[in-house]
Amino acid sequence: MMESKSFWKSGHKPTLFGAFMYFDISFMIWGMLGPLAVVIALDYPMTPLEKANLVALPILGGSILRLVLGFMSDYIGPKLTAQIGMLVTLVPLLLGWLWVDSLSQLYVVALLLGVAGASFAAALPLAGQWYGKEHQGLAMGIAGAGNSGTVLATLFANRLATHFGSWEVVFGLAIIPIVIVFILFSIFAKNSPNRPEPKKLSQYGSLLKQKDAWVFCAFYCVTFGGFVGLCNYLTIFFNTQYGLSPVRAADITTFCVIAGSFFRPVGGYLADKIGGTRMLTFLYTGACIMLIGVSFMPPLPVVVVMLFLGMMCLGAGNGSVFQLVPQRFGNEIGLMTGIVGAAGGLGGYALPLILGQLYSSYQSYTPGFVILSLIAAASLFLVLFMQSRWRVSWLSRGNKGMAESTSLSS
């Protein structure tokens, strides 16, 4: 309780919740095409691979633009970067509402929606720079819990499309909440006075020469990539595999997404307590077991429980990874947020394509989920290998690093 109070007395609460709101509404917009894909397919018939490509393109756009917004956050500050990001997000929403008249045009809109997903690179530094290393896991977890915006997308997108008889109107309606959040965010959020000095563009290259940066990219590629990729694809999965209606498939997806969204801060908090690497060993193990279980295509109630638990592990893993990143790259957190976030986006882009391509080839989702479980297993072995090296290097520096080293050796 004393540690909880010290957290709430430190930092800047309006900025923390402003970052959460920005991240939340951006994720809602970023994930809209996931549930809407099965409705859009009624107007534009698509093959399984075309559906996968449609829901993967926003993730690809977000992966690319996170590097841009990460660099902007470092130079002009995360608050202004976030404000620019929200204004630019209005462009694909207007195009989706008033312009789209073909599948190729919809692909353009899907790619541009990536600017909403790039919000990660501004929201997390904005919140994290207000807090010390001992509270990074919880602070980053609370701000990062904005990925719960995906819940809003899966819960309401198909309902609104059905109610109004048009999926295009959903893009227009999404303009309302982002304008409201823009106003509130502009009033309450502030840049930290302890914001690091801007880094040079060449320092991106310097960071990428460090092996630890690539390891964090690999970790996040699996946790965040798995989470967001499944968020965008599960509606298609439930619609295709179990024959559910668009609204029903999105509702069940919502249930699974809730687990990943709201367990992100839990993962960060527990990582503060027992160490990020120890948490990741548990979480990758859990994700691997659940995904291999899903590959058997059990009855719907069973597969929902497995996906709920698997998404819970992936979501908590996101918080655990970003408990570790500020410890290792505290002075380069803006750059690392963009780099690691981009890697996570690439993982999310690949996941729907893996499932869509293998379903097209084998008319079964079993091979795809087997591959995803093997990827989680490989991540587990990477954590076990790296923690023994980190234990005698940077994890031993600072109070939290020492606590983690002690817990690992006990």
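**Exercises on a predicted model**

Helix H5 contributes four residues to the nonpolar patch, its largest share. The model is predicted, so local features need pLDDT of at least 70 and side-chain atom pairs count only at pLDDT 80 or more, while totals for chains, interfaces and linings use all residues. Residues are numbered from 1 along each chain as its sequence is written, and side-chain values use heavy atoms, with hydrogens and water left out.

**Exercise 1.** State which helices supply at least two residues each of the nonpolar patch.

*Solution.* Patch residues have over 30% relative accessible area and no salt bridge; nonpolar side chains (Val, Leu, Ile, Met, Phe, Trp, Tyr) are joined within 5 Å, like charges within 9 Å. Members of this surface patch include Tyr 75, Leu 80 and Val 108, and together the patch has about 700 Å² of accessible area (Shrake-Rupley method, 1.4 Å probe; for residues, only the protein chains shown count as cover). The helices are H4 (48-76), H5 (78-98) and H6 (103-112); helices are DSSP runs of H or I with at least four residues, numbered from the N terminus. Val 108 lies in H6 and counts as partly exposed because its relative accessibility is 39% (buried is under 20%, exposed over 50%, partly exposed in between; 1.4 Å probe, protein chains only).

**Exercise 2.** Compare the span of H4 with the expected value.

*Solution.* The expected span is 1.5 Å times one less than the number of residues. For the 29 residues of H4 this gives 42 Å, in agreement with end C-alpha atoms 42 Å apart. H4 also bends by about 35° at Ala 56, with Pro 58 following within four residues; the bend is the angle between axes fitted to the seven residues ending there and the seven starting there. After H4 comes Gly 77, with a positive phi near 100°.

**Exercise 3.** Explain why Cys 256 has no bond to Cys 231.

*Solution.* A disulfide needs two cysteine sulfur atoms within 2.5 Å. The closest cysteine sulfur to that of Cys 256 belongs to Cys 231, and at 9.1 Å it is too far for a bond. Cys 256 is buried, at 0% relative accessible area. The whole structure has zero disulfides.

**Exercise 4.** Locate the salt bridges of the whole structure.

*Solution.* The criterion is a side-chain nitrogen of Lys or Arg within 4 Å of a carboxyl oxygen of Asp or Glu. The search finds two. Arg 159 pairs with Asp 251, the closest N and O atoms being 2.5 Å apart. Arg 159 is in H10 and Asp 251 in H15, so the bridge ties parts 92 residues apart in sequence. Asp 212 and Arg 328 form a salt bridge at 2.7 Å, N to O. These two lie in H14 and H18, respectively, so parts 116 residues apart in sequence are tied together.
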